[in-house]
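Biologist: Before I rely on the descriptive words used for this fold, I would like to hear how each one is justified.

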Amino acid sequence: MTRYSIFRLGREALRGHRGWPAAWRDPEPKASYDVVIVGGGGHGLATAYYLAKNHGIRNVAVVEKGWLGGGNTGRNTTIVRSNYLLEPNAHFYEWSLKLWEGLSADLNYNVMFSQRGALNLAHSDAQLDAYARRGNAMRLNGIDAELLDRRQVEEFVPLLDTSDRARFPIHGGLLQPRGGTARHDAVAWGFARAADRLGIDIIQNCEVTGIRREGNRAIGVETSRGHIGAGRIGMAVAGHTSHVAGLAGLRLPIESHVLQAIVTEPVKPLIDTVVTYGAGHFYVSQSDKGGLVMGGDLDGYNSYAQRGNLPIIEDVAQAAVELFPCTGRLRMLRHWGGVMDMTMDGSPIIARTPVDGLYVNGGWCYGGFKATPGSGWVFAHTIAHDRPHALNEAFSLERFEAGATIDEKGAGPIPGAH
């Protein structure tokens, strides 16, 4: 850091940080755009960025009912991985992971991507056999995977309870060394700044209240700041996908549920990887601030509420102590919930809809954050060319009617998935 930078930081601290230039503009909405993206989270911002960068479409608005990253982008456990069994998921998430690996340089913004590894624990010989199958499938698809026995797991994560006294003894695990975590808010800010510099209008506090149609074609959105015309409209609104689609008269095969997470008080380095629990739905990593970031299963009821309840917290805390007994005395620092849009097969929908000019990016279940750059890449292609990219061709709406579902435990709303 230069002497000027240090002086600038000190000066702005004394001034209450009022002198920094805005990272992106705060424009008034224009009467119309070539493309309107509904949703200012990671997926919507990434879509706008790649529309401009990859396809030269810059007359684009991202409309967000609140603030950028205020939805699921800021309400997740930040895990990034591509350790999937089935071909469509494996190819898509691996491309997304490759984009993650160069994202900070591409955006000229540090998204704090840390490839600390992602370890799935196995608690039976049968589960270890299943992991061997998944690992072999990953390697056939060019994805890194290592099958670990119990001794190797113990060496990799020393504070795990690998004893025979554990409630669910650890038999081994499947490790993806290139997996890891990223900083969720930095991802939203990085895409927002990069999109703004390419001419994209980012319009916050602009809630979409209707979708205007002429016959079977969507021609614009009604918002809390007036009507905005659109040549094409992309929806990337996570847990509110079914609600926004309903404004255009569509009913999608999606349910919305609350997914909770908690973070503990900061402690010294304890876990330097991502660990997921094969005997239950639990996952944990340690943040740069020292808190243990933990999550578990969905609440079983449908909800649009960004809050949770005590039973899930108890399940998460119980799993943490079963795996890492030393965490039993930690205090919970904060707790939050995100609204998850769950498809019937656990895989996303990135596709055209039956309404011309209207496109949907949703149904991400547990996998939304890690898909952020890959999702934006293929959704931008789908909007720009009015047809899917090869990587999202299988994620169509029609697959549910045809019975061509993409159903695997690594992807969807099945106890034990993550």
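Biologist: How many helices and strands are there in the protein?

Modeller: In this predicted model, the protein has eleven helices and 18 strands.

Biologist: What makes the protein as compact as a globular protein of that length?

Modeller: The radius of gyration is 22 Å, and the globule rule gives 22 Å for 418 residues, so the protein is as compact as a globular protein of that length. Along the principal axes, the C-alpha atoms fill a box of roughly 65 × 65 × 40 Å, and 56% of the 418 residues count as buried, which here means under 20% relative accessible area.

Biologist: What share of the contacts with a separation of 6 or more comes from residues 24 or more positions apart?

Modeller: Such residues account for 74% of those contacts in the protein.

Biologist: Turning to one helix pair, why is α2 called oblique to α10?

Modeller: The axes of α2 (residues 42–55) and α10 (residues 372–385) come within 7 Å and cross at roughly 55°. Angles under 35 degrees count as roughly parallel and 65 to 115 as roughly perpendicular, so a value outside these ranges and not over 145 is oblique, and that makes α2 oblique to α10. The crossing in which α2 passes α10 is right-handed.

Biologist: Which residues make the contact, and how do they divide by class?

Modeller: Among them are His 43, Tyr 50 and Leu 51 of α2, together with Trp 377, Phe 379 and Ile 383 of α10. By class, the contact has nine nonpolar, ten polar and no charged residues, where Gly counts as polar.

Key. Residues are numbered from 1 along each chain as its sequence is written. This is a predicted model: local features need pLDDT of at least 70, side-chain atom pairs count only at pLDDT 80 or more; totals for chains, interfaces and linings use all residues. Side-chain values use heavy atoms; hydrogens and water are left out. Axes are lines fitted to C-alpha atoms, for helices over the stretch in contact, and angles run from 0 to 180 degrees between N-to-C directions. Helices (H or I, at least four residues) and strands (E, at least two) are DSSP runs, numbered from the N terminus. A crossing is left-handed if the near helix is turned anticlockwise from the far one by less than a right angle, and right-handed if clockwise. Contact means heavy atoms within 4.5 Å. The radius of gyration is taken over C-alpha atoms; the globule rule is 2.2 Å times the number of residues to the power 0.38. Buried means under 20% relative accessible area, exposed over 50%, partly exposed in between (1.4 Å probe, protein chains only).
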